[in-house]
Amino acid sequence: MICLRDGRGTTLPGNMHSFEYRNGSLFCENVDLAGLAAQTGTPAYVYSAATILDHYRRLDEALAGVPHLICYAVKANSNIAILNLLAKEGAGFDIVSGGELFRVAKAGGNPAQCTFAGVGKTEAEIREALQRGILAFNVESEAELAQINRVAAGLGVKAPVAVRVNPDVDAHTHKYISTGKSENKFGITFERVAAVYEAASKLPHLHLRGVQMHIGSQITEAGPFAEAVDKMLPLVCQLKIRYGIEYFSIGGGMGIVYDPSLASGAPGWWKSDASEGRLTVAEYAAAVVPKLKALGLKILVEPGRVLVGNAGVLLTRALYVKQSETKKFVIVDAGMNDLIRPALYQSFHEIVPVAEPAPQSPPAKVDIVGPVCESGDFFAQDRELPPLAEGDLLAVMSAGAYGAAMSSTYNSRPLLPEILVHGDRFAVIRRRQTPEDLVRDESLPQW
Ligand SMILES: *Cc1c(COP(=O)(O)O)cnc(C)c1O
């Protein structure tokens with residue numbers, strides 16, 4: 001049986017399983033993925049609403065010891081139906097662009113619970129965010145503070161800001177998703193933060209509302225979070241006393257289990273760079289909440305992956321099986337344009353057949369590859385999988401975060417549909433693009 005990879009590496013009780021075999025077929029909640037694929041076609045992203053809600057509620061509970069706001073990191077999965085699901089739970093949002101702010105508003109999210117992150121906010125984005133009344137800008141440079149002050153002056157308002165501090169801790173994660181080391185482009189160096197606040201306090205159109213950090217993504221141990229909080233605490237205290245800040249955002253970055261064979265300690269045939277593991281939201285909270293309690297500030301968290309990562313799969317169908325001299329390739333109808341994580345981050349995704357393999361079927365090593373004209377277009381290499389044949393449906397697991405959101409139409413492949421399952425029902429929350437959609441915004445020059 002496949003247990004729900006929920007960040008705890010354990011199965012949720014009762015009917016809270018989101019992906020499991022029933023009667024020989026993989027189900028998402030109460031929906032048979034084989035039947036679903038027959039209706040929607042492949043490839044397609046499928047999400048479990050129950051899993052997202054469960055993860056959100058468990059994090060909310062784990063943080064109960066401090067006044068807090070969960071600001072979902074929209075970039076992980078920005079479909080408005082997902083945002084709406086979380087908005088109805090009372091979530092805030094962490095956005096990185098004007099486009100994401102537009103999505104949040106469209107989805108019924110409250111701009112007053114939105115923090116705006118990112119090193120390159122444009123003047124138009126800053127103006128739009130001020131007009132919509134966001135909670136705060138998480139500011140990444142002194143030049144940006146000056147720019148926000150200027151735009152706010154033009155509108156005759158005070159802009160709420162927090163400075164993003166780079167605490168210079170090592171999150172032990174992939175270099176592309178590590179953000180809290182001094183060599184990263186993010187935030188302001190720890191040692192300079194006090195002076196930056198002092199200078200910002202003299203800018204008349206800024207309201208110093210908080211302080212923020214974010215040390216990286218897919219962090220699978222509590223240590224780096226605790227270390228960063230420890231380092232920040234005296235500074236945060238000082239900022240509270242001096243400028244009356246209201247919140248401390250400790251960022252996102254909680255990791256999930258991509259490879260259950262590693263998390264369970266069972267021998268795996270595939271090993272990642274040993275950063276794989278499991279971190280429960282309870283362990284995460286236990287490592288930081290006691291330290292944060294005495295601050296008397298509102299605590300913001302900005303989780304993306306941990307809420308949606310294990311709540312989604314990429315459904316794909318085997319088109320061809322090809323045996324070369326040295327390797328067996330299973331060519332599937334999804335490609336790196338649909339899910340770029342393996343190519344970009346060398347990420348592991350568990351892959352399972354939708355039809356439950358017979359227990360005695362002997363596994364064989366295969367490469368699961370897509371149709372895109374790039375050698376980096378693979379989902380798995382030398383992976384031991386049950387025998388696969390043309391036409392077989394496969395689920396690429398844990399594809400709910402940084403999957404659809406990072407997809408492109410490279411090779412002129414239309415964007416995939418996204419399907420949200422809730423109990424017995426499912427809804428198409430993004431339709432499959434058509435070839436017409438691909439060229440809709442293009443035109444021939446009129447000369
Ligand atoms: C990407 C990002 C997050 C979310 O990261 P996850 O690893 O998905 O939790 C949170 N805060 C900031 C500033 C980010 O850039």
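Gln212 sits in strand β11, which spans residues 206-212. The model is predicted. Gln212 counts as buried because its relative accessibility is 1%, and the cut-off for buried is under 20%. Its side chain makes a polar contact with the side chain of Glu302, at 3.0 Å. Beyond residues up to four places away in sequence, Gln212 touches Asn138, Val163, Arg164, Val165, Met232, Ser249 and Glu302. Glu302 thus appears both as a contact of Gln212 and among the closest residues to the ligand.

**The ligand site**

How many residues surround the ligand? The count is 14, and the closest are Lys75, Ser217, Glu302, Arg305 and Tyr402. By class, the shell has three nonpolar, six polar and five charged residues. Three polar approaches to oxygen atoms of the ligand are listed here.

| Residue | Atom on the protein side | Distance to a ligand oxygen atom |
|---|---|---|
| Ser217 | polar side-chain atom | 2.3 Å |
| Tyr402 | N or O atom in the side chain | 2.5 Å |
| Gly304 | polar backbone atom | 2.9 Å |

Taken alone, the ligand exposes 390 Å². The protein buries 94% of that area. Ser217 and Tyr402 are also among the closest residues to the ligand.

**Strand β5 and its partners**

Strand β5 covers residues 68-73. The strand is mostly covered, with five of its six residues buried. β5 is joined to two strands, β13 and β6. Strand β13 spans residues 298-301, and three bridges join it to β5 in the parallel sense. Within that pairing, Ile70 stands opposite Val301. Strand β6 spans residues 92-95 and also runs parallel to β5, over three bridges. There, Cys71 has Gly92 as its bridge partner.

**Strand β4**

Strand β4 takes in residues 44-48. How many of its residues are buried? The count is five of five, and the strand is described as mostly covered. In a regular strand the side chains alternate between the two faces of the sheet. The residues of β4 divide accordingly. Ala44, Val46 and Ser48 point one way, while Tyr45 and Tyr47 point the other way. Both groups are buried.

Which strands does β4 join, and in which sense? Strand β14, residues 312-323, runs antiparallel to β4, with four bridges between them. Strand β20, residues 418-422, runs parallel to β4, again with four bridges. Val46 takes part in both pairings. In β14, Val46 stands opposite Val313. In β20, Val46 stands opposite Ile419.

**Tyr47 in detail**

Tyr47 belongs to strand β4. Is Tyr47 buried or exposed? Tyr47 counts as buried, because its relative accessibility is 1%. Its C-alpha atom is separated from that of Ala311 by 5.5 Å, although the two residues are 264 residues apart along the chain. Ala311 is also a contact of Tyr47.

The contacts of Tyr47 come from several parts of the chain. Leaving aside neighbours within four places in sequence, they include Cys28, Asn77 and Ile82. Others are Ala311 and Gly312, then Gly400 and Ala404. Further along come Glu418, Ile419, Leu420 and Val421, and also Ile429. Gly312 falls within β14, residues 312-323. Glu418, Ile419, Leu420 and Val421 fall within β20, residues 418-422.

**A three-stranded sheet**

Cys28, a contact of Tyr47, leads to another sheet. Three strands form this open sheet in the order β1-β2-β3, with antiparallel pairing. The edge strands are β1 (19-22) and β3 (31-32), and each pairs on one side only. Strand β2, residues 25-28, pairs with β3 in the antiparallel sense over two bridges. In that pairing, Cys28 stands opposite Val31 of β3.

**Gln147 in helix α6**

Gln147 lies in helix α6, which covers residues 142-155. Its relative accessible area is 17%, so Gln147 is buried. The cut-off for this class is under 20%. Not counting residues up to four places away in sequence, Gln147 touches Glu123 and Ile126.

Conventions. Residues are numbered from 1 along each chain as its sequence is written. This is a predicted model: local features need pLDDT of at least 70, side-chain atom pairs count only at pLDDT 80 or more; totals for chains, interfaces and linings use all residues. Side-chain values use heavy atoms; hydrogens and water are left out. Buried means under 20% relative accessible area, exposed over 50%, partly exposed in between (1.4 Å probe, protein chains only). Two strands pair if DSSP finds at least two bridges between them. Contact means heavy atoms within 4.5 Å. A residue is near a molecule or strand if one of its heavy atoms lies within 4 Å of it. A polar contact is a pair of N or O atoms within 3.5 Å; within protein, one must be able to donate a hydrogen and the other to accept it, and residues adjacent in sequence count only if both atoms are side-chain atoms. Accessible areas come from the Shrake-Rupley method with a 1.4 Å probe; for residues, only the protein chains shown count as cover. Ala, Val, Leu, Ile, Met, Phe, Trp, Tyr, Cys and Pro count as nonpolar, Asp, Glu, Lys and Arg as charged, and the others, Gly among them, as polar.
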